[in-house]
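Reader: I'd love a close look at one part of this protein, the place where the metals sit. Could you walk me through it at an easy pace?

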Amino acid sequence: MKQLLKKLTETFSPSGYESAIRDVIRAEVTPLADEIRVDALGNLIIRKGQGGKKIMIAAHMDEIGLIASHIDEHGFVRFTTVGGVYPQMLMGARVRFHSGLPGVIYNEPLEKPTDTPAIEKMFIDVGATSRKDCPIKVGEVAAFERPFLDLGDRLVAKSMDDRIGCLVAIETLRALKSTPHEIYFVFTTQEEVGTRGAETSAFGLDPDLGFSLDVTGWGDTPGRKHFDIALGKGPAIKIKDGGMLADPRIIHWMVTTAEKARLPYQREVLLGGTTDARAMQLVRAGVPVGCISIPCRYVHSPSEMVDYNDVQNAVKLATALLSNPVEL
Ligand code: CO
Ligand code: ZN
């Protein structure tokens, strides 16, 4: 599982440019699926089982990134963000463009060395000396360059948000012996720019119920307060986030299943941010949804950290949920 996670997180696929990660996931799920297709927005849709309740499980394939907006006469690349990228994560960072070319980020001089520069004051240096010899064109996308790190129980990578959800979906598909349901695992596109792939795929599938698999925040490092989520205490069952109230029937289904299977879990009320489940909930005439969250430190930095036990328990919880009949 760690080997696959390394491969998933080291693939470069910012929002809108998910073809590389889609190929990696497709190769992994092809032997496990009853049907595979890709829709118009690039969502990878895997069906398992037939005829029962239609359940949609969404994990987003895309990651946050940058996009070149201007090349200056000396060959420095100005950029804007794709999704929630914070400037304090960028000073000295390394990125890789979708084409494979690397670059480093720096900024114009600051008034005080302790200031954080605005994105508009930053640039990517790709080693060019003029606009003419710059290999990057306006509109090319880039993502953080950072190798996967195995600290034993704790695993660190860029794009753990949400390749860890993709991993849980793949491993759940692998673990599912049989199911009374018609399950659609959807590896969605463009979540980081507003849950766009989930919106169209949920409309197309018209599920009876569903949940997303995504990261949530953390409350267990110095100075963090009022958020009861810690790494290693189990996957989190979402109750509320910044964009969604999980359906109480889905929460009940998840809690009772976790308790019956003696799996650790945490109750999540996240103040800001949301997941694909929000788009699923509001599609067509509405869908009962929830979310299984993987607690993750340093979300949207180049070093996002999860606990391996939480990941394994998330797979067990999702597998238990999907193996048995469900009445909401
Ligand atoms: Co995110
Ligand atoms: Zn996410």
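Reader: To start with, what spacing do the donors of the cobalt ion (ligand 1) follow along the chain?

Author: Happy to take you through it, with one note before we begin: this is a predicted model. Along the chain, the donors of the cobalt ion (ligand 1) follow the spacing D-x30-E-x107-H. In residue names, the protein donors are Asp161 through OD, Glu192 through two OE entries, and His300 through NE2, and they lie 1.8 to 2.6 Å from the ion. The angles among the 4 donor atoms range from 55 to 147 degrees, and the site is irregular. To count as tetrahedral, four donors would need all angles between 85 and 135 degrees. For orientation, the ideal angle for four tetrahedral donors is 109.5 degrees.

Asp161 is a good residue to click on next. It lies in helix H3, while His300 sits in the loop between E16 and strand E17 (304-307), so this pair ties together parts that are 139 residues apart in sequence. Asp161 has 7% relative accessibility and therefore counts as buried. His300 is buried too, with a relative accessible area of 12%.

Now to the neighbouring metal. The zinc ion (ligand 2) and the cobalt ion (ligand 1) are 3.3 Å apart, and Asp161 coordinates both. The protein donors of the zinc ion (ligand 2) are His60 through NE2, Asp161 through OD, and Asp214 through two OD entries, at 1.9 to 2.7 Å from the ion. In sequence, these donor residues are spaced H-x100-D-x52-D. Here the 4 donor atoms subtend angles of 51 to 147 degrees, which makes this arrangement irregular as well. Distant parts of the chain are linked at this ion: Asp161 in helix H3 and Asp214 in strand E13 are 53 residues apart. Asp214 counts as buried because its relative accessibility is 4%.

Stepping back, you can see where those residues belong in the fold. An open sheet of 8 strands runs in the order E1-E2-E12-E3-E13-E16-E14-E15, with mixed pairing. Its edge strands are E1 (35-38) and E15 (266-269), each of which pairs on one side only. On average, neighbouring strands of this sheet are turned by 25 degrees against each other, direction ignored. Helix H3 (residues 160-175), the helix of Asp161, packs on this sheet and touches E2, E3 (54-60), E12, E13 (209-216) and E16 (289-295). The direction of H3 makes about 135 degrees with that of E13, the strand that holds Asp214.

For one detail inside the sheet, look at strand E2 (residues 44-48) and strand E12 (residues 182-188): they run antiparallel and are joined by 5 bridges. Leu44, for example, has Phe187 in E12 as its bridge partner. A further helix, H4 (residues 196-205), lies across E1, E2, E3 and E12, running at about 155 degrees to E12.

To sum up the site, Asp161 is the residue to keep in view: it coordinates both ions, and its helix H3 packs on the sheet.

Conventions. Residues are numbered from 1 along each chain as its sequence is written. Chains are lettered from A and ligands numbered from 1 in the order in which they are written. This is a predicted model: local features need pLDDT of at least 70, side-chain atom pairs count only at pLDDT 80 or more; totals for chains, interfaces and linings use all residues. Side-chain values use heavy atoms; hydrogens and water are left out. Two strands pair if DSSP finds at least two bridges between them. Helices (H or I, at least four residues) and strands (E, at least two) are DSSP runs, numbered from the N terminus. Axes are lines fitted to C-alpha atoms, for helices over the stretch in contact, and angles run from 0 to 180 degrees between N-to-C directions. Contact means heavy atoms within 4.5 Å. Donors are N, O and S atoms within 2.8 Å of the metal (3.2 Å for Na, K and Ca); water is not among the atoms, so sites may look incomplete. Four donors count as tetrahedral if all angles lie between 85 and 135 degrees; four count as square planar and six as octahedral if opposite donors are over 155 degrees apart and all others between 65 and 115; anything else is irregular. Buried means under 20% relative accessible area, exposed over 50%, partly exposed in between (1.4 Å probe, protein chains only).
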